[in-house]
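Welcome! Here are a few short exercises, each with a worked solution. Please look over the sequence and structure before you start.

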Amino acid sequence: MRRARLILLCVCALVARTPLHAQWALTADAGVSHLRQAGIPESNAQILGATLDAAGARSALRTSILAARASSDRWTGQGVMLGSIVGPTAGAARWELDGAVSAFGETSELPTTSAEVAARARIGSSLRGGAIGAGLGTRARGSTNNPIYRAQGDAWWSIHDERVFLNVALTRTRPLVGLAPPSAQTVTPTLSYVDVGANWRHDAGGLSIGLVGGARGQGGASRTTSGWAVLDAAAWVQPRFAVAVGAGRTLEDVVRGVPHATFVSVALRISAQPHATIIARHAARAGPHIRAERVRDDLRRIDVQADSASRVEITGDFTNWSPVPLTRTGNVWRLERTIPPGPHRIAIRLDDGPWIVPVNLPRVDDDLGGTVGIITIP
Amino acid sequence: MTRRSLWLLCVFVGAHAAGAQDSLVLAGVGRETAVRLAEIVDAARSSGLPTDPIISKISQGVLRHASPERIVVAAQSVATRLEEARAALAPAPTPADITAGENALGVSGVTRAALQAVRSTSPNRPVAVPLGLLAQLVASNVPAKRATEIVTDLIRRGASNAQLVALGNEVNSDVERGVRLIASLDVRLQGLTAVLAPPAGGSAAASAPVGLQSGSGPKKP
């Protein structure tokens, strides 16, 4: 237990030393779960949970707590705190230190606590990269303490609104044998297993969907292989309210003492920060809208939506302020040409009228006593 | 502005100084003003600055029938901003980055320090698009300090140019739909950073599966 306290102190010191930006997110869930879990009868449970994420320039901290009350008045509760800190870039790699502490308890059972630290080397960027490392820790139940040894490799990849994460972890520990500590004559077998997992997440337009799955191979006298998969989704119906659903099969979390379970759940989620919603709330203001996108290499496309116009022209720094007519293509007016990426000042004209700024662009002073719009070309 | 004058103005873009001055005179700009404008362009060219932004500003002034004095002041402002942008984006910024930096500095509230912050976060990559987002956010009345923090944080998290542009477009669209600017920023940033890893690990959250689920799941791996 003294070792666990020391590890906890190290984690807190590492994370607390790093000043945190204002980047944080807090959510709370309240709902019901139909649950089949080792050690308790199949039942419906009321659930209450909260997650706090805080991220600084080079650090991150996640704290999650979850409590469940089964119909048979049986309670379970768990809490996990995960923290990490990343060093400055040195060549292609960066070092990372991770820490985790957890507690799991249920009525009429001794709680299980754990604490771990790990060191890893990261390569790549936040969009695409990998890491490899190892760590150690301890887990305890009652007067029984067992060490944890872990080796782990990860890879991640982001494309637009999708993020994929792969993980392989080798864990070695000993089973927690209950109230009495093992005697001098008792040899507690080593428990080793490998978890291979994949995680996909889509987050856009008020809809968040995630799928986690994997397989575990356990060595030793009783070699076994088993799998897990969990699907979760949250639909933000209001900026701070979402409906969250989940279903899946989870394996025993050996380190944290959480038994395996199969579940289906639905919850109302409340967020301290606003989210985009799945429902468009406001009608667009009347007036021409403009958008720019990259077609290929140096070629850029500018589309102007001006439904009632019969002629649309654009002028800007990339035309040397000469008017350039756009071509009607479907329900937009289009221009394709070479435009350097970055900020550009523009104005448009409908049907030989005055030069105006599209309604969806901010306006800036043009140094000549007038105003133009500013657009960023990708 | 006649077609002939416009053509002569285009000649100014690559012409010799004397010929360029004649073009401007024919375009309605007095000889004295033409001399001063040519000096501004030549001085920028001699010091290695891109001259297209200055020529573009002169073109804009001529086509808008601005007074000669106003055109000269505007051209000089652009030249000064180009010099400032080059210094802020040092060392060795590309002409595209200098041009983008000048454009950003032309937005009231964007400072040299903001450009330096963007450059120091991305020392070896083009910064034209991040500077564009910075300029757009400040022009939309996001406080410059906050806008700088947003842009530099997104760069650190590995946001692509397409993602940066999309963020600016979405915020602009929200604002013109009547959504409060800061609320829109919070919403759109949450959505974007949910698929960008934090600069630190965060991967510990996806290590072993947690036994009891409420359907929340990790927000990001």
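Two residues are in contact if their C-beta atoms, placed from the backbone, lie within 7 Å. Keep in mind that this model is predicted.

**Exercise 1.** Describe the make-up of chain A and its contacts.

*Solution.* Begin with the secondary structure: chain A has one helix and 24 strands. Next, turn to burial: of the 378 residues in chain A, 40% are buried. Finally, take the contacts in chain A between residues at least 6 apart in sequence; 52% of these join residues at least 24 apart.

**Exercise 2.** Work out how helix 3 (residues 31-46) of chain B is oriented against helix 5 (residues 68-88) of chain B.

*Solution.* Their axes lie 10 Å apart, at an angle of about 5°. Angles under 35 degrees count as roughly parallel, so helix 3 of chain B and helix 5 of chain B are roughly parallel to each other. Among the residues that meet are Leu37(B) and Ile40(B) from helix 3 of chain B, and Ile71(B) and Val72(B) from helix 5 of chain B. The residues of this contact comprise 10 nonpolar, two polar and one charged.

**Exercise 3.** Do the same for helix 3 of chain B and helix 4 (residues 52-63) of chain B.

*Solution.* Here the axes come within 9 Å and cross at roughly 160°. Helix 3 of chain B is therefore roughly antiparallel to helix 4 of chain B. The crossing is right-handed. Leu37(B), Ile40(B), Val41(B) and Ala44(B) of helix 3 make the contact with Ile54(B), Ile55(B) and Ile58(B) of helix 4. By type, the residues of this contact are seven nonpolar, no polar and no charged.

Note on methods: Residues numbered from 1 in each chain as written. Chains lettered and ligands numbered in written order. Predicted model: local features only at pLDDT ≥ 70, side-chain atom pairs only at ≥ 80, totals over all residues. Axes fitted to C-alpha atoms, helices over the stretch in contact; angles between N-to-C directions. Helix = DSSP H or I, 4+ residues; strand = E, 2+ residues; numbered from the N terminus. Parallel < 35°, antiparallel > 145°, perpendicular 65-115°, else oblique. Nonpolar A, V, L, I, M, F, W, Y, C, P; charged D, E, K, R; others polar. Buried ≥ 20, exposed ≤ 12 C-beta atoms within 10 Å, placed from the backbone. Left-handed = near helix turned anticlockwise from the far one by under 90°.
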